[in-house]
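User: Please take a close look at the largest pocket of this model. I am a first-year student, and I would be grateful for an account that begins with the chain as a whole and also considers some individual residues.

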Amino acid sequence: MRFILSAGTLCLALSGCSSVGYLAESGIGQWKLFNRARPLNEIMASPNTSGATRHGIQMVGKAKAFAVNELGLKATKNYETFVQLDAPCVSWAVSASHPLLLEEKKWKFPIVGEIPYLGFFKKESAHKKAKELEEEETPKPDTWVRCVPAFSSLGWFPDPLYSSMITGKDHHIVDLVVHESLHATVWVKGSVDFNEKLANFVGLEGSIRYVEKERGVAGVAEVRAEVVEQKVFADFMKETVDRYKATVKTMANKETFYKNLQASYLSFSQARQKKGEKFQVSKGDKLNTWNNAALLAYSNYYSDYSVFERMLKKCGGSLGRFVAWIAGIQKKDEDAFSASPEEYLVKLEAASVCP
């Protein structure tokens, strides 16, 4: 299962961080990355540039044009420069949660509001922060450190294209570019979980439409199967969170719950396959190594797309109209929307028609 985390909020949030050390390290890390960026035409002209990198850069250009022209997402100056990384991650994110309750720790920053993670440009710094949280907070929290391959500054700065963003299949690149472009178009302050679910949904649906446009209906079967798998995983995340809240009351319960989580997903997937849904269950992460911080981090990205799917259907399947509807809602009534975006959309979706 591919995991995309937008960590671009980091550079916007620095001025609100209480840790001088975090501020200094993050600022230096950001500066170093930007300083390594080179114009795309320089990269494309270099005889040392690999064919895979050339193809990836070309795909990003096509995906950007598709996102703007076909989906109506905000045009930005993103991805006009390139950074070759030495690792598959542009940064690492640290999440933390209560050891028994599904309550995630959040950090409050200007512009973006509360976010449920801290980003670091050095892997060792991320693990150091996780250890500090475990040692300093009571009760000792669950922590989770994960690789971040994609980066968005929400349209405030021109983001470079990182080599970590162009390692997958063509439709994966489209998915990622559309995902990050959606962040620059719609961002609900203080609602990272909603923002990521929306971007995930639009990225998935956008990848389908791109492939249909380029290859026709016959060429889209593989992409649809992957999208179905991710939506099944999203449903599993919702079911898992609900089941945890209903059944886990002690640390012993919790240990058993996570020990059986991988088997639970396989059973969940097999049941859905028996209903006729065609998808291949990816090996993905070993779910039985998760903890509460991991579960909450993933559930912020994959959980119940039903309201989006109903709204998309009301738009006749037009993803561009769907995005315009969401963006219009936020612009018209941002305060009410920010208070509880998913509940607000449910009420509006029941009473309104797609413009």
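Analyst: The chain exposes about 16,300 Å², and carbon and sulfur atoms supply 53% of this area. The model is a predicted one, and every value below is computed from it. Buried residues make up 52% of the 355 residues in the chain. The C-alpha trace spans about 60 × 50 × 40 Å along its principal axes. A compact globule of 355 residues would have a radius of gyration near 20 Å, and the chain agrees with this expectation because its own value is 20 Å. The chain contains 15 helices and eight strands. Among the contacts with a separation of 6 or more, 76% are between residues 24 or more positions apart.

With this setting in place, the pocket itself can be described. The largest pocket has a volume of about 530 Å³. Its lining is formed by 26 residues, and those closest to its centre are Asp193, Lys197, Ser299, Asn300 and Glu342. Four elements give two or more residues to this lining: α7 (192-215), α8 (221-247), α11 (292-299) and α15 (341-351). Which of the elements gives the most to the lining? It is α8, with five residues. When the lining is sorted by class, it has 11 charged, nine nonpolar and six polar residues.

Two of the elements named for the lining, α11 and α15, also lead to individual residues that deserve attention. Helix α15 contains alanine 351. Is alanine 351 buried or exposed? Its relative accessible area is 68%, so alanine 351 counts as exposed, the cut-off being over 50%. The C-alpha atoms of alanine 351 and glutamate 309 are 16 Å apart in space, while the two residues are 42 positions apart in sequence.

Aspartate 304 is located in the loop between α11 and α12 (306-314). Its backbone has a positive phi, near 55°, in a residue other than glycine. This deserves a remark because most residues other than glycine have a negative phi. Aspartate 304 counts as partly exposed, since its relative accessibility is 24%.

Further along the chain, glycine 317 lies in the loop between α12 and α13 (319-332). At 29% relative accessibility, glycine 317 is likewise classed as partly exposed. If its neighbours within four places in sequence are left aside, glycine 317 is in contact with Arg209 and Leu312. Glycine 317 is 151 residues from isoleucine 166 in sequence, and their C-alpha atoms are 28 Å apart.

The model also offers a group of residues that can be followed from one contact to another. Methionine 165 is placed in the loop between β8 (161-162) and α6 (170-185). Why does methionine 165 count as buried? Its relative accessible area is 3%, and buried means under 20%, so methionine 165 falls in that class. Not counting residues up to four places away in sequence, methionine 165 touches Tyr79, Pro149, Ala150, Ile173 and Leu176. For alanine 150, the C-alpha to C-alpha distance to methionine 165 is 6.0 Å, with their positions 15 residues apart in sequence.

One of these partners, tyrosine 79, lies in the loop between α4 (51-69) and β2 (81-83). Tyrosine 79 is buried too, with a relative accessible area of 4%. Although tyrosine 79 is not a glycine, it has a positive phi of about 65°.

Helix α6, which follows the loop of methionine 165, contains aspartate 175. Aspartate 175 counts as buried because its relative accessibility is 4%. Aspartate 175 and alanine 67 are 108 residues apart in sequence, and their C-alpha atoms are 9.9 Å apart in space.

A final point concerns the backbone. A cis peptide bond, with omega of about -5°, joins threonine 138 and proline 139. This is notable because most peptide bonds are trans. Proline 139 is found in the loop between α5 (123-136) and β7 (142-148).

Methods. Residues numbered from 1 in each chain as written. Predicted model: local features only at pLDDT ≥ 70, side-chain atom pairs only at ≥ 80, totals over all residues. Heavy atoms only, no water. 1 Å grid on protein atoms, 1.4 Å probe; cavity = no way out; pocket = protein on both sides within 12 Å on 5 of 7 lines; lining within 4 Å. Points joined across faces, edges and corners; volume = space filled by probe spheres on them. Nonpolar A, V, L, I, M, F, W, Y, C, P; charged D, E, K, R; others polar. Rg over C-alpha atoms; globule rule 2.2 N^0.38 Å. Buried < 20%, exposed > 50% of the residue type's maximum accessible area, 1.4 Å probe, protein only. Contact = heavy atoms within 4.5 Å. Areas by Shrake-Rupley, 256 points an atom, 1.4 Å probe, with all protein chains shown as cover.
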